[in-house]
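The following exercises practise the reading of a structural model, one step at a time. Please attempt each task before turning to its solution.

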Amino acid sequence: MSPGPPSRRGRGDANPNPPGRRLIPRRGVRSPRDELAEGTGHGHVYLRGLQRTHLMLSLLALVAFGAIFGVLPIALYLLPAFDRVRLLGAPLGLWIVVVPMLPAFVVIGWIYARRADAVDEAFRELVER
Amino acid sequence: MIVALFAVGAVTLGTLGLGTWGLRFARTTSDLLVASRVVTPWWNAAAISGEYLSAASFLGIAGLEMQIGASALWQSLGFTAGYLALLLFVAAPLRRYGSYTIPDFAEARLHSPGLRLLAAAIVLVIAGFYLVPQLKGAGLALNVVVGSPYWVGVAVVAAIVAINVSLGGMRGITYVQAFQFWIKVFAIAVPAIVLLIHFGGLPERAALFGRSLPHAGSTGFTVKLGSPQRAQFPEAGSFSVHGHSVHVKAGGWVTLPAHTPVRIPPRGIVPVASGTQALPGDVWARPVGGTGRGAPVLVYSLLVATFLGTMGLPHVLVRFYTNPDGHAARRTTVRVLGLLSIFYLFPAVYGALGRVLTPQLYMTGQTDDVVLTLPHTAWPGAGGTILTAVTCAGAFAAFLSTSSGLLVSLAGTFSHDVWPRLRHTTPSSPSSRRLHFRLAALGAMVIPGLLALVVRRVDISILVGWAFALAASSFCPMFLLGIWWSRLTARGAAAGMVAGMLVATSAIFAGLAMGEPTGGALALLEQPAIVSVPVAFLTMIGVSSRDPRVVTDVESQMLALHAPEGLGLRLGDDEAEGALA
């Protein structure tokens, strides 16, 4: 158990750069890093952009999950034909539930994680350029 | 069952020994941080899966499958899919934020000490609810291994886990939990595969997928009951006691005597214990439909509870802190999905074989036993005995790892969040804090232990479904809105969690009080998530939008949640380590 993270107030005051590397900010030329660290209006736009991209990606993955898995119970309910067709002696509906869904989750998760890392990478390049 | 006793003893001693020995290397909560430098995502994923796979996965799914058939299998899909929800919305931001526990997150994100106390109270309720089925499984398993009464198993495992946790074992020991995962996979997969080979696939397809109800095999069977049992003959049939045969008409109730052999003739219909369900094969094999628990609305309610509840389980979240950064948290979660997918292929085999080969469990009402008793009952001789020893050892690994993880969360929350607040003192010294933790670990086992004695007749799967429903209707909305919605306020979060918990718990207890809810809207009392989760979300959003007291530093909060590491925008690793040590 930890005492909880320290208050995040005042983080913007802390010097975000290591001492030796700090560039002297010239008026009008400010890096995205400074904008973010100082919480300016531009920083707000950068952060909201990152957050929105991540949320869209997650919702897209959720829609894929819903389309594959979420509709399955109602589809099996409305189409009893799944129970009459036999595969290796067992009803097809049973096979669909037991076997292909679990690998499908892994595939959705894997693709999502790759894309989410790419989003982070793009943001990193934006800040570090 | 000497072999089984030996296997269970080996797993128990091995777990406790490794936990205590591993502790020599790492004493404090920061062992998680230290471990994070060396633990790879694969080890982490195995550890998370090891702590996650509980009595519900190991025993409960197969037991419920015997009763309600293929619709029980949604549970294994939901348990796995929960990690997809965790991956998509919670894993990386929460790791970046750096909160160890749910109360930590609640207080830090919304600046409300009161909310921390509320979250701590909910952690206690959820962890307590989740401990009950673990102890029930322990009671059943010890009964199978040494024939002890139910309460003895509950008491023994509760005592072992409480003493071990209070002495400091099993705390954050990644490698022990990772080994536990592989023990469980071995213990569920190998007997299932060997049995399938031994019987040449699924036997008696007619009984599984045809129109027939569970019936005795070609030689009949004999059962000695521990206590008198009310049972119903779904079709006309007979049983005999001391060679004296009794014929019963269809739908007739009988009371089967205890301590005497009750014999069901060859191919005879099996009487079904009251509170247990037996379905004709074609209904049994249908994943959705039929009556009661197979109804679509209940299936969806269960899926909502498991999909959204996993992220709110207190013992799951703390493990994510072992990941060094958000990127690793994502990679770990994908691996967890893969590892759980291996495990969850197998419980279905036991339920299907059990329907045909151990129909006496319908008569005793102990279908939760099927994973343990199936091998040696269906395959008399050395082979079956060894396989039963293997499944018993796996079941014990499941109880020990999950209940230890839960008890650590319970005791930690009580000693760290609740006790100081009640006494209005800050924890004075590390030694008194450790004493509080130990006392809490011993005390926290009492209520779940007593509850486990009361709910003996309730299926393990139902009990675990409640814990998931509670987590999904309280912590899930707080995480999802807290991470993705900047307008969430402390008052809104508190109101939503209270509303969700109230709806869920009152439905569960109303269902318990009314007895067996069988179908229609009443069945939702058994799994209320599809109602309680939207209530929690809507309350949280509604109250927050009207609340004037917004969180003022929400910009830096969102930066801490969403900005990638290593940009100098967040607390550096060194600083974080210093703050947490």
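**Exercise 1. The make-up of chain B**

Task: Determine what percentage of chain B is buried, and how many helices and strands chain B has.

Solution.
Step 1. The model is a predicted one. Chain B comprises 581 residues, and 61% of them are buried.
Step 2. Its secondary structure consists of 27 helices and seven strands.
Step 3. Consider next the contacts in chain B between residues at least 6 apart in sequence: 82% of these join residues at least 24 apart.

**Exercise 2. The make-up of chain A**

Task: Describe chain A in terms of its elements, its burial and its contacts.

Solution.
Step 1. Six helices and two strands are found in chain A. Read from the N terminus, their order is α-α-α-α-β-β-α-α.
Step 2. Chain A has 129 residues, of which 29% are buried.
Step 3. Among the contacts of chain A with a separation of 6 or more, 50% link residues 24 or more positions apart.

**Exercise 3. Confidence along chain A**

Task: State in which element of chain A confidence is lowest and in which it is highest.

Solution.
Step 1. Begin with the chain as a whole: the mean pLDDT of chain A is 78, and 77% of its residues reach 70 or more.
Step 2. By element, the lowest mean, 73, belongs to α1(A), and the highest, 93, to α6(A).
Step 3. Residues 1–22 of chain A have a pLDDT below 50. In the model this stretch has 35 contacts beyond near neighbours in sequence.

**Exercise 4. The contact between the chains**

Task: Find which element of chain A gives the most residues to the side that touches chain B.

Solution.
Step 1. Chain A contributes 54 residues to the contact, and chain B contributes 55 residues.
Step 2. On the side of chain A, the elements giving two or more residues are α1, α2, α3, β2, α5 and α6.
Step 3. Of these, α6(A) gives the most, with 16 residues.
Step 4. Sorted by class, this side of chain A has 34 nonpolar, twelve polar and eight charged residues.

**Exercise 5. Two helices across the contact**

Task: Decide whether α6(A) and α5(B) are roughly parallel or roughly antiparallel.

Solution.
Step 1. The axes of α6(A) and α5(B) come within 10 Å and cross at roughly 5°.
Step 2. Angles under 35 degrees count as roughly parallel. The helices α6(A) and α5(B) are therefore roughly parallel to each other.
Step 3. On the side of α6(A), the residues in contact are M101(A), L102(A), F105(A), I108(A), G109(A), Y112(A) and A113(A). On the side of α5(B), they are L77(B), T80(B), A81(B), L84(B), L87(B) and L88(B).
Step 4. This contact has eleven nonpolar, two polar and no charged residues.

**Exercise 6. Span and burial of helices in chain B**

Task: Compare the span of α5(B) and of α15(B) with the expected span, and explain why each helix is described as largely enclosed.

Solution.
Step 1. Helix α5(B), residues 74–89, reaches 22 Å from its first C-alpha to its last, close to the 22 Å expected at 1.5 Å a residue.
Step 2. In α5(B), 16 of the 16 residues are buried, so this helix is largely enclosed by the rest of the structure.
Step 3. Helix α15(B), residues 326–343, has 18 residues and should span 26 Å at 1.5 Å a residue; its end C-alpha atoms are 26 Å apart, which agrees.
Step 4. In α15(B), 16 of the 18 residues are buried, so α15(B) too is largely enclosed by the rest of the structure.

**Exercise 7. Positive phi in two histidines**

Task: Classify H111(B) and H242(B) as buried, partly exposed or exposed.

Solution.
Step 1. H111(B) lies in the loop between α7 and α8 of chain B. Its phi is near 50°, a positive value in a residue other than glycine.
Step 2. A residue is buried with 20 or more other C-beta atoms within 10 Å, and exposed with 12 or fewer. H111(B) has 18 and is therefore partly exposed.
Step 3. H242(B) lies in the loop between β3 and β4 of chain B. Its phi is also positive, about 55°, although H242(B) is not a glycine.
Step 4. H242(B) has 9 C-beta neighbours inside 10 Å and so counts as exposed.

Definitions and conventions. Residues are numbered from 1 along each chain as its sequence is written. Chains are lettered from A and ligands numbered from 1 in the order in which they are written. This is a predicted model: local features need pLDDT of at least 70, side-chain atom pairs count only at pLDDT 80 or more; totals for chains, interfaces and linings use all residues. Two residues are in contact if their C-beta atoms, placed from the backbone, lie within 7 Å. Helices (H or I, at least four residues) and strands (E, at least two) are DSSP runs, numbered from the N terminus. Ala, Val, Leu, Ile, Met, Phe, Trp, Tyr, Cys and Pro count as nonpolar, Asp, Glu, Lys and Arg as charged, and the others, Gly among them, as polar. The expected span of a helix is 1.5 Å times one less than its number of residues. Axes are lines fitted to C-alpha atoms, for helices over the stretch in contact, and angles run from 0 to 180 degrees between N-to-C directions. Angles under 35 degrees count as roughly parallel, over 145 as roughly antiparallel, 65 to 115 as roughly perpendicular and the rest as oblique. pLDDT is the predictor's confidence in each residue, from 0 to 100.
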